[in-house]
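Colleague: Could you take me through one part of this model slowly, namely the sheet, and then the buried residues that go with it? I would like a connected account rather than a list.

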Amino acid sequence: RWSFQGHVARKIKSASMPGYVSYRGGSYQVTAVAAKACRKCAKLKKLRLGSHVKSIGKQAFYKCAKLQSILLTTKVLKKKSHSEQAFTGISKKDVVSVPASKRKSYKKWFRSKGLRIR
């Protein structure tokens, strides 16, 4: 298991979290987005989360004011596996794309956090 820690550079415009990472000859699933991973990345507009993400940490994308395009490829998120503040302060024009098979449940969860599901 591996956690997405985010970016040092606050000037990134796009972030893509892989499904797997290689480290010292091994391959590991990326299963979490760490707390404050991309907090206050003021220029971040597009985000893609990998297919094995099971949890999204507190304030992971907090105050990413320009973040408006989020693509979730994961089908393993649960109702309680993403923090209340994970997406607080993102663009009012946000659109979240989710897998068709999870659309109904994800729509309910993410709408309660003020996000629009496509």
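Modeller: What follows begins with the sheet and moves from there to the core, a buried glutamine and a pair of cysteines. Please keep in mind throughout that this is a predicted model.

The sheet is an open one, built from four strands that lie in the order β2-β5-β7-β8, with parallel pairing. At its edges stand β2, residues 14-16, and β8, residues 95-97, and because each has a single partner strand, one side of each is left without a neighbour in the sheet. Between neighbouring strands of this sheet the turn is 10 degrees on average, with direction ignored. As general background, strands of a sheet pair through backbone hydrogen bonds, in either a parallel or an antiparallel manner. Looking at one edge in detail, β2 runs parallel to β5, which covers residues 46-49, and three bridges join the two; within this pair, A15 stands opposite L47 of β5.

From the sheet one can pass to the largest nonpolar core, which has 30 residues, and in which V33, L44, L49, I56, F61, L72 and F87 are those with the most contacts inside the core. At least two residues of this core are supplied by each of β4 (26-33), β5, β7 (69-72) and α1 (103-111), and the largest share, three residues, comes from α1. In soluble globular proteins, nonpolar side chains tend to be buried together.

A polar residue deserves a separate look. Q59 is placed in the loop between β6, residues 55-56, and β7, and Q59 counts as buried because its relative accessibility is 10%, where the limit for that label is under 20%. The side chain of Q59 makes a polar contact, at 3.2 Å, with the side chain of Q85. Leaving aside residues up to four places away in sequence, Q59 touches K36, R39, S83, Q85 and A86.

The cysteines call for some care when you read the picture. The sulfur of C38 has its closest cysteine sulfur in C41, at 4.5 Å, which is too far for a bond, since a disulfide requires the two sulfur atoms to be within 2.5 Å. C41 is accordingly in no disulfide, its nearest cysteine sulfur being that of C38, and the count of disulfides by this rule comes to zero. C38 is buried, with a relative accessible area of 0%, and C41 likewise counts as buried, at 0% relative accessibility.

Terms used
Residues numbered from 1 in each chain as written. Predicted model: local features only at pLDDT ≥ 70, side-chain atom pairs only at ≥ 80, totals over all residues. Heavy atoms only, no water. Pairing = 2+ DSSP bridges. Axes fitted to C-alpha atoms, helices over the stretch in contact; angles between N-to-C directions. Core = buried A, V, L, I, M, F, W, Y, C linked by side-chain atoms within 4.5 Å. Buried < 20%, exposed > 50% of the residue type's maximum accessible area, 1.4 Å probe, protein only. Polar contact = N/O pair within 3.5 Å; in protein donor to acceptor, adjacent residues only side chain to side chain. Contact = heavy atoms within 4.5 Å.
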